[in-house]
Amino acid sequence: MKISIKILAVLLLVVTLLACEKEKTDISLERDGTLYEVADQVSFYYPKDFQLNVNNENQKDVRFTKNDEMYIYATIIDDTDNVLNELPQLYGGQLEEEGAIDVYYYKEVIPSGIECYQFTGTYQASGMKFVQMVYFTEEASYIYSYQAPENVYDEQSGVALQYLESLTVHH
């Protein structure tokens, strides 16, 4: 009986370790990604197998697509008198006005050293889930996001987050 409990405990440990390893797939941004630079102000990586969407009609953002997945980068100039520490809450409200549900956010420091807010949610009309890395300044908001259908998002969000965390704002 003691031996079977030990075997069961070892098997449980192995299964747990394999599950944890599957959750996080590390990538090499330089090898697996392509560097994109917005003038000399912003840079980030996107996956090599995604294509730059040149038919972007609104010209306010840059889109990289592959099947139903999309990375989007946008700079939004802030000419309001909003207080910097209120911008995350205001932005979350804006996402909800645009039809997003289950919007959550928190602050984190990403590898480039900037303090960003990570937003997550779902666009109710399309069912697309998203994760966004947003850097707020008094002059502008820098937004790098990933969105995909729920089943793809659940599989790829760990990898997508590594690309989003490559956001670098040079100033």
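Strand E7, residues 115-123, and strand E8 pair in the antiparallel sense over seven bridges; I should say at once that this is a predicted model. Within that pairing, threonine 120 has valine 131 in E8 as its bridge partner. E7 and E8 form a hairpin with four residues between the strands, and there glycine 127 takes a positive phi near 80°.

On its other pairing, E8 meets E9, again in the antiparallel sense, over nine bridges. Three residues lie between E8 and E9 in their hairpin. Phenylalanine 136 stands opposite serine 141 in E9. How much of E8 is covered? Eight of its nine residues are buried, and the strand is thus mostly covered.

Let me turn to the interior. The largest nonpolar core has 28 residues, of which Tyr71, Tyr144, Tyr146 and Leu167 touch the most other members. Which elements give two or more residues to this core? They are strand E2 (42-47), strand E4 (61-66), strand E5 (69-77), strand E8 (128-136), strand E9 (140-149) and helix H4.

Tyrosine 71 deserves a closer look. Leaving aside residues up to four places away in sequence, tyrosine 71 touches Pro47, Phe50, Val62, Arg63 and Phe64, together with Tyr144, Ser145 and Tyr146, and also Ala160, Tyr163 and Leu164. There is also a second, separate core of 12 residues, whose members include Leu87, Leu95, Val103 and Tyr123.

I come now to H4, residues 150-164. A straight helix of 15 residues would span 21 Å at 1.5 Å a residue, whereas the end C-alpha atoms of H4 are only 18 Å apart. Where does H4 bend? The bend is at glutamine 156 and amounts to about 60°. The buried residues of the helix are Tyr153, Val159, Ala160, Gln162, Tyr163 and Leu164. As background, an α-helix has 3.6 residues a turn, so residues three or four places apart point the same way. Among the buried positions of H4, Ala160, Tyr163 and Leu164 are contacts of tyrosine 71.

Finally, the open sheet. Its three strands follow the order E1-E2-E10, with antiparallel pairing. Strand E1 (33-38) and strand E10 (168-169) are the edge strands, each pairing on one side only. E1 and E2 run antiparallel and are joined by six bridges. Valine 38 has valine 42 as its bridge partner in E2. E2 also appears among the elements that give two or more residues to the largest nonpolar core.

Definitions and conventions. Residues are numbered from 1 along each chain as its sequence is written. This is a predicted model: local features need pLDDT of at least 70, side-chain atom pairs count only at pLDDT 80 or more; totals for chains, interfaces and linings use all residues. Side-chain values use heavy atoms; hydrogens and water are left out. The expected span of a helix is 1.5 Å times one less than its number of residues. The bend at a residue is the angle between axes fitted to the seven residues ending there and the seven starting there. Buried means under 20% relative accessible area, exposed over 50%, partly exposed in between (1.4 Å probe, protein chains only). A nonpolar core is a set of buried Ala, Val, Leu, Ile, Met, Phe, Trp, Tyr and Cys residues joined through side-chain atoms within 4.5 Å. Contact means heavy atoms within 4.5 Å. Two strands pair if DSSP finds at least two bridges between them.
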